[in-house]
Amino acid sequence: MNNDLVFQTAGLISVIAPCVLLAVLGISTLLDRPLGERWTTRIIQWTVWIGLAASCTMLAQMLLLGTRHVPIEIGNWAVVPHFHFALKLVFDRLSVPLVILSFLLCGTIGAFASRYLHRDQGYNRFFVLYAVFLLGMILSSLAGTSETLFTGWELVGLSSALLVAFFQERVGPVRNGLRVWVVYRVADAAFLVAAVALHHMVGEGDFARLIGSGVWPQGQASLSANQALFVGLLLLAAAAGKSALVPFSGWLPRAMEGPTPSS
């Protein structure tokens, strides 16, 4: 089989697998015909194993061939004069191990949660949010553009806030979920300003344009030092809010109000 075809196939499967999981659980819930616990558990297991096998295949192929960078461009979301918003995935020796770690951790959590939440009235709702979180993590790890990253970023944030507020019959979890959501909005504002600034500076949100020509760190950057510092600080503030770093760490203890598997 052609090496490029292996890269393309393995890369797309690692993203399509969580998309299918979210579609199956989400559509069945919207139709008010949620799957039973046994089928939900099986689909989650298949998704994790398929995604893990695809990402491990990608990493093994990269190591065997000495390949360090495999971009997969799926297309543009929108094209306007001087700007375009692209959906791009980047597989390298940093992003692929993060994808493998995400599948391993989410697979372990899924196996635990399927038993911990057995016969819980919120069983299906938990795993719908679980599927949203898994897809968000994979997209965030592989994002090659600010638009792709923001999509995964928002999926992770939405699912996290809703998991914190999972026990809706109590005031405390709902209040804590709202607090998490407010902190995330501040982080998202910093991210959006960085994305807009990046578009105005280089005409697109492709992270490769931050590096410019050549292999990092020897390459010639497309941004000036001050521009790179401005964008970098905004992204750092956004990441700090999402990761509960100081001064945004106040929401983390409150997140323990959610179900044990999500914590």
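**Exercise 1. Find where helix 1 bends, then check its length and its buried face.**

Solution. Start with the bend: helix 1 turns by about 25° at Ser-14, and within four residues comes a proline, Pro-18. The bend at a residue is the angle between axes fitted to the seven residues ending there and the seven starting there. Helices here (H or I, at least four residues) are DSSP runs, numbered from the N terminus. A quick word on what you're looking at: this is a predicted model, so local features need pLDDT of at least 70 and side-chain atom pairs count only at pLDDT 80 or more, while totals for chains, interfaces and linings use all residues. Residues are numbered from 1 along each chain as its sequence is written, and side-chain values use heavy atoms, with hydrogens and water left out.

Next, the length. The expected span of a helix is 1.5 Å times one less than its number of residues. Helix 1 covers residues 3-30, so its 28 residues should span 40 Å, and the end C-alpha atoms are indeed 40 Å apart.

Last, the buried side. Buried means under 20% relative accessible area, exposed over 50%, and partly exposed in between (1.4 Å probe, protein chains only). Both Ser-14 and Pro-18 are on the buried list of helix 1, which also includes Val-6, Phe-7 and Leu-21.

**Exercise 2. Work out what Gln-61 packs against.**

Solution. First place the residue: Gln-61 sits in helix 2 (residues 37-65). Then check its exposure: Gln-61 has a relative accessible area of 14%, so it counts as buried. Now look for contacts, meaning heavy atoms within 4.5 Å. Leaving aside residues up to four places away in sequence, Gln-61 touches Asn-3, Val-6 and Phe-7. Two of these, Val-6 and Phe-7, are buried residues of helix 1.

**Exercise 3. Locate the cavity and describe its lining.**

Solution. On a 1 Å grid over the protein atoms alone, a cavity is a set of points where a 1.4 Å probe fits but cannot get out, and lining residues have an atom within 4 Å of a point. Grid points are joined across faces, edges and corners, and the volume is the space filled by probe spheres set on the points. The structure has one cavity of 30 Å³ or more, and the largest cavity has a volume of about 40 Å³. Helix 6 (171-202) and helix 8 (225-242) each give two or more residues to its lining. Helix 6 has the largest share, with four residues. Among the lining residues are Ser-146, Phe-191, Phe-207 and Leu-235.

Now sort the lining by class. Ala, Val, Leu, Ile, Met, Phe, Trp, Tyr, Cys and Pro count as nonpolar, Asp, Glu, Lys and Arg as charged, and the others, Gly among them, as polar. That gives seven nonpolar residues, one polar and no charged ones.

**Exercise 4. Pick out the unusual backbone geometry.**

Solution. Keep the background in mind: most residues other than glycine have a negative phi, and most peptide bonds are trans. Step one: Asp-32 is not a glycine, yet has a positive phi of about 60°. Asp-32 lies in the loop between helix 1 and helix 2 and is exposed, at 64% relative accessible area. Step two: Ala-244 also has a positive phi of about 60° without being a glycine. Ala-244 lies in the loop between helix 8 and helix 9, but is buried, at 8%. Step three: a cis peptide bond, with omega about 10°, joins Val-246 and Pro-247. Pro-247 is in the loop between helix 8 and helix 9 (251-254).

Conventions: 1 Å grid on protein atoms, 1.4 Å probe; cavity = no way out; pocket = protein on both sides within 12 Å on 5 of 7 lines; lining within 4 Å.
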